[in-house]
Amino acid sequence: MRIPRIYTGQDITAGKLLQLEAGASQHIGRALRMQAGDSICLFNGSGHQWPAQITAIDKKQVSVLPDQSAIGTPESPLAIHLAIAISRGDRMDTVIQKSTELGVQAITPIISERTEVRLKGDREKKKLQHWQQVIVSACEQCGRNTLPELHPPSPVGQWLESSDSQLRFVLHHRGNKGLNADAQASSIDLLIGPEGGLSEAEIGSAQDRGFQPLTLGPRILRTETAPLAAIAILQAQWGDMNAGGTGD
């Protein structure tokens, strides 16, 4: 049986009793139905993980005793910053969850000309908190010990001005260019628009900022499919994904 991985925002010290936050405690007690004496694995985003034993448990509070830390699965050598137009429903959740699993290091929700979802004030704050929890849950599941950085929503032009990665791509289904296999990259900015794509003006602005148009083939992919396909291709080209790997 796989030992559950639990995220905490607290400092972790081997041999020092730790009381977990309410959300993690409820997950362990109610969803996982664990008991005192059971083993878990803790991480806090530092890149390390701690084997730990539950010492006391109820539905509101769980106490654990961490053991010595170990460095977990290394991060991809390719730092991908995904800028993705905000989409409706649970599609944005899917993109954030799966891109976390695929190893992106930063995510920025983008507001473009054709973005239908507009977030302001408390609604933006609550949505960011929700997306952060999606990231945490994805890291618990996939084995990452470092959380991708989630940036506040940004207008596409503003994000373009801040882009500074080694290679930059804008997904453009009307383009006809793939990847240059001879190029070298340790960091990539990837810009993807909403359903219907970015406007011609936005694509032009991206190209003016050094973004290369990137197409994923003859089929038009949905907004929740395109970023995942693109990230997998980039990781296979310059990151840590390869056909020889195995899952569990």
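The legends below describe close-up views of a predicted model.

**View 1. Helix α2 and the elements around its buried residues.** Helix α2 spans residues 91-101, and its buried residues are R91, M92, D93, V95, I96, S99 and T100. These buried residues pack against two strands, β7 (79-85) and β8 (106-111), and also against the helices α3 (121-142) and α6 (226-238). Just after α2 comes G103, a residue that takes a positive phi of about 100°.

**View 2. The packing of α2 with α6.** The axes of these two helices lie 9 Å apart, and the helices pack at an angle of about 10°. Because angles under 35 degrees count as roughly parallel, α2 is described as roughly parallel to α6. The contact brings V95, K98 and S99 of α2 together with P227, L228 and I231 of α6. By residue type, the contact of α2 with α6 divides into four nonpolar residues, one polar and one charged.

**View 3. The surroundings of N145.** N145 is found in the loop between α3 and β9 (149-150). Is N145 buried or exposed? With a relative accessible area of 1%, N145 is buried, because buried means under 20%. The side chain of N145 is joined to the side chain of R5 by a polar contact of 2.3 Å, and it makes a polar contact with the side chain of Q49 as well, at 3.2 Å. When residues up to four places away in sequence are not counted, N145 touches R5, F43, G45, S46, G47, H48, Q49, G72 and T73.

**View 4. The largest nonpolar core.** This core holds 35 residues, of which W131, F169, I188, L190, L234 and W238 touch the most other members. At least two residues of the core are supplied by each of β7, α2, α3, β11 (167-171), β12 (187-192) and α6, and α3 gives the most, with six residues. As a general background to such a view, nonpolar side chains in soluble globular proteins tend to be buried together.

**View 5. L190 and its contacts, with a note on another core.** Leaving aside residues up to four places away in sequence, L190 touches H81, L82, A83, W159 and F169, together with A230, I231 and L234. Apart from the largest nonpolar core lies another core, which has 14 residues, including I12, L42, A52 and V62.

Notes: Residues are numbered from 1 along each chain as its sequence is written. This is a predicted model: local features need pLDDT of at least 70, side-chain atom pairs count only at pLDDT 80 or more; totals for chains, interfaces and linings use all residues. Side-chain values use heavy atoms; hydrogens and water are left out. Buried means under 20% relative accessible area, exposed over 50%, partly exposed in between (1.4 Å probe, protein chains only). Helices (H or I, at least four residues) and strands (E, at least two) are DSSP runs, numbered from the N terminus. Contact means heavy atoms within 4.5 Å. A polar contact is a pair of N or O atoms within 3.5 Å; within protein, one must be able to donate a hydrogen and the other to accept it, and residues adjacent in sequence count only if both atoms are side-chain atoms. Axes are lines fitted to C-alpha atoms, for helices over the stretch in contact, and angles run from 0 to 180 degrees between N-to-C directions. Angles under 35 degrees count as roughly parallel, over 145 as roughly antiparallel, 65 to 115 as roughly perpendicular and the rest as oblique. Ala, Val, Leu, Ile, Met, Phe, Trp, Tyr, Cys and Pro count as nonpolar, Asp, Glu, Lys and Arg as charged, and the others, Gly among them, as polar. A nonpolar core is a set of buried Ala, Val, Leu, Ile, Met, Phe, Trp, Tyr and Cys residues joined through side-chain atoms within 4.5 Å.
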